[in-house]
Amino acid sequence: MIVKSAEFVTSAVKAAQYPEARHPEAAFAGRSNVGKSSLINTLVNRKRLVKTSSTPGRTQLINFFSVNDALSLVDLPGYGYAKVPASVRRKWGPMIETYLKGRETLKAVVLILDIRRTPGLEEQNFIDWLELYHRTAILVLTKADKLSKTDRKKRRQAIGAALGVDESTLILFSAKTRLGKSEVWSALERAVLG
Ligand code: GDP
């Protein structure tokens with residue numbers, strides 16, 4: 001994918017605020033701090049199109065971005081952020097669910113996982129849930145630069161086993177070295193523009 005333009009469109013908390021569904025869409029999900037903003041910024045060759053979520057407030061919205069005026073990338077609020085109050089956390093699930101269930105132009109959901117961390121029930125449930133709603137999941141293991149090549153292989157095996165998925169479907173990624181950038185784009189193009 002040659003990115004000619006990438007711009008912020010709008011933020012939403014409810015369906016009435018989503019932008020018009022004009023283009024196929026890919027959404028990005030992951031725990032806070034997993035490297036979601038860095039991944040999207042790397043894909044579109046921008047340093048700070050997506051603001052990093054070290055400020056919790058920034059993470060509670062669904063942010064829509066337009067690429068080449070042909071494709072929409074959607075940054076979903078990070079989950080599992082310990083610092084936010086339970087009252088706020090309770091709203092996240094329904095907000096994300098409404099989007100994932102109902103958005104008619106949504107073609108793929110990129111789930112971002114830290115390569116160093118074995119995914120738990122939360123991730124497993126999320127993947128099962130996507131399957132239930134026939135959403136294509138693209139699984140990306142990020143921060144791969146933090147490990148040696150041997151350890152990357154080991155971690156990919158362990159994560160594949162933990163999630164019950166074929167490890168060859170797990171894309172190794174690094175925002176630092178841009179490892180896996182073209183692989184993520186290929187997966188997106190297959191799913192979204194197919
Ligand atoms: P988000 O909360 O999921 O949007 O995560 P960010 O993109 O803000 O990243 C969280 C932290 O991880 C930041 O300090 C990033 O610099 C760092 N980070 C993100 N991706 C990578 C990566 O691929 N490699 C390394 N070494 N650090 C990363």
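**Entry 1: helix α5**

I began on one side of helix α5, where S182 and S186 are exposed; a residue counts as exposed if 12 or fewer other C-beta atoms lie within 10 Å of its own, as buried if 20 or more do, and as partly exposed in between, with C-beta atoms placed from the backbone. I noted that this is a predicted model, in which local features need pLDDT of at least 70, side-chain atom pairs count only at pLDDT 80 or more, and totals for chains, interfaces and linings use all residues. Residues are numbered from 1 along each chain as its sequence is written. Helices (H or I, at least four residues) and strands (E, at least two) are DSSP runs, numbered from the N terminus.

Which residues of α5 are buried? I found V184, A187, L188 and V192. They cover an arc of only 110° around the axis, which puts them on the same side of α5; the arc is that of the directions from the helix axis to the C-beta atoms. I recalled that an α-helix has 3.6 residues a turn, so residues three or four places apart point the same way.

I then looked up what these buried residues pack against, and found β2 (25-30), α1 (36-43), β4 (71-75), β5 (106-114), β6 (137-142) and β7 (171-172). Contact here requires C-beta atoms, placed from the backbone, within 7 Å.

**Entry 2: the sheet**

I traced an open sheet of seven strands in the order β1-β3-β4-β2-β5-β6-β7, with mixed pairing. Its edge strands are β1 (6-12) and β7, each of which pairs on one side only. Two strands pair if DSSP finds at least two bridges between them. For β2 and β5 I found parallel pairing over six bridges. G30 stands opposite I112 in β5.

**Entry 3: helix α1**

How many of the eight residues of α1 are buried? Six are, so I recorded α1 as largely enclosed by the rest of the structure. The buried ones are K36, S37, L39, I40, T42 and L43. Their cover includes β2, β4, β5, β6 and α5. After α1 comes N45, whose phi is positive, near 60°.

**Entry 4: the core**

The largest nonpolar core (buried Ala, Val, Leu, Ile, Met, Phe, Trp, Tyr and Cys residues joined through C-beta atoms within 7 Å) has 43 residues. Those with the most contacts inside it are F28, V110, V140, L141 and I171. β5 gives the most to this core, with seven residues. I checked V110 and found that it touches A26, F28, I138 and V140, not counting residues up to four places away in sequence.

Technical notes:
Two residues are in contact if their C-beta atoms, placed from the backbone, lie within 7 Å.
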